[in-house]
Amino acid sequence: MSGALRRALADPGPRPLPDAAVRLLTAAGAPPRLAAHLRAVHDVAADLVAWAGERHPAAAVDAEAVLFGAATHDIGKALHPAELSGPGSAHERAGHALLREHGVPERLARFARTHASWDAPGTGIDDLLVSLADKIWKGKRVPGLEQRIVDVLAAASGEEAWRVFMELDDVCDRLAAGADARLAFQAAYPVESTA
């Protein structure tokens, strides 16, 4: 593991990644900036999972899956590093394949493939939360995605959609307020792996 990757995984800042994700990133030779990005998204996902578990327990969010998904959703960028600083979706299938090759079960590996397709029919709450974390970490609001989450949570809890919307909007505003610090954390690490 390079010194820069070690720092991206351990420096003060967003919550540390799960040990299994650290092992996978190390095995994949992940660029330090990727590790920093995954920490930022994982950190936001942890807040979303805590909120959903407290306020909407009937939604039965799989916290382990969401947190692992957030911690590894872009792991394919270790194989397609140009997508760390430019457009592309080759990392999605590549990341899913990489995780499966390392024995990660489908229920956890799927997020590498699904995190950008939140608008696909039948997308469940766990996938929606990973997608939201991957947007809101940098302060990006996606009304259609947020509405999907509101609809799922309102249906599960029986609460009125407007009330769930107000709660989610408050949570997203609070999380978006920390975007500058998370962006600075990510930018502090190189895009390329170094020795």
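This is a chat about salt bridges, helix packing and a few single residues in a predicted model.

Q: Before we start, what kind of model is this, and how are residues numbered?
A: It's a predicted model, where local features need pLDDT of at least 70, side-chain atom pairs count only at pLDDT 80 or more, and totals for chains, interfaces and linings use all residues. Residues are numbered from 1 along each chain as its sequence is written, and side-chain values use heavy atoms, with hydrogens and water left out.

Q: OK, how many salt bridges are there in the whole structure?
A: A search turns up 13 salt bridges. A salt bridge here is a side-chain nitrogen of Lys or Arg within 4 Å of a carboxyl oxygen of Asp or Glu.

Q: Show me one. What does glutamate 159 pair with?
A: Its partner is arginine 55, with an N to O distance of 3.8 Å. Glutamate 159 sits in the loop between helix 8 (143-157) and helix 9 (161-176), while arginine 55 belongs to helix 3 (residues 32-55), so the bridge ties together parts that are 104 residues apart in sequence. Helices, by the way, are DSSP runs of H or I with at least four residues, numbered from the N terminus.

Q: And is glutamate 159 buried or exposed?
A: In between: glutamate 159 counts as partly exposed at 22% relative accessibility. Arginine 55 is partly exposed too, at 34%. For the cut-offs, buried means under 20% relative accessible area, exposed means over 50%, and partly exposed is in between (1.4 Å probe, protein chains only).

Q: What about arginine 110, which residue does it bridge to?
A: Arginine 110 pairs with aspartate 127, and their closest N and O atoms are 3.0 Å apart. That links helix 6 (residues 106-114), home of arginine 110, with helix 7 (residues 125-136), home of aspartate 127, across 17 residues.

Q: Are those two buried or exposed?
A: Arginine 110 is buried at 17% relative accessibility, and aspartate 127 is buried at 10%.

Q: Got another pair? Where does aspartate 169 come in?
A: Aspartate 169 makes a salt bridge with arginine 141, and the closest N and O atoms there are 2.6 Å apart. Aspartate 169 is in helix 9 and arginine 141 is in the loop between helix 7 and helix 8, so this pair joins parts 28 residues apart in sequence. Salt bridges with shared partners also make one network out of Arg141, Glu146, Asp169 and Asp173.

Q: Back to helix 6. Which of its residues are buried?
A: Those are Leu108, Ala109, Arg110, Phe111, Ala112 and Thr114. They pack against helix 4 (63-72), helix 5 (90-101) and helix 7.

Q: How do people describe two packed helices?
A: By the angle between their axes and the distance between the axes. For helix 5 and helix 6, the axes come within 7 Å and cross at roughly 160°. Axes are lines fitted to C-alpha atoms, for helices over the stretch in contact, and angles run from 0 to 180 degrees between N-to-C directions.

Q: So are helix 5 and helix 6 parallel or antiparallel?
A: Roughly antiparallel. The cut-offs are under 35 degrees for roughly parallel, over 145 for roughly antiparallel, 65 to 115 for roughly perpendicular, and oblique for the rest.

Q: Which residues meet there?
A: From helix 5 you have Glu92, Gly95, His96, Leu99 and Arg100, and from helix 6 Glu106, Ala109, Arg110, Ala112 and Arg113. They split into 3 nonpolar, 2 polar and 5 charged. Nonpolar covers Ala, Val, Leu, Ile, Met, Phe, Trp, Tyr, Cys and Pro, charged covers Asp, Glu, Lys and Arg, and the others, Gly among them, are polar.

Q: New topic: where is proline 18?
A: Proline 18 is in the loop between helix 1 (3-10) and helix 2 (19-27), and it's partly exposed at 26%. Setting aside neighbours within four places in sequence, proline 18 is in contact (heavy atoms within 4.5 Å) with His42 and Ala71.

Q: Last one, what is the phi of alanine 60?
A: Alanine 60 has a positive phi of about 50°, although it is not a glycine. Alanine 60 lies in the loop between helix 3 and helix 4 and counts as exposed at 58% relative accessibility.

Definitions and conventions: Helices (H or I, at least four residues) and strands (E, at least two) are DSSP runs, numbered from the N terminus.
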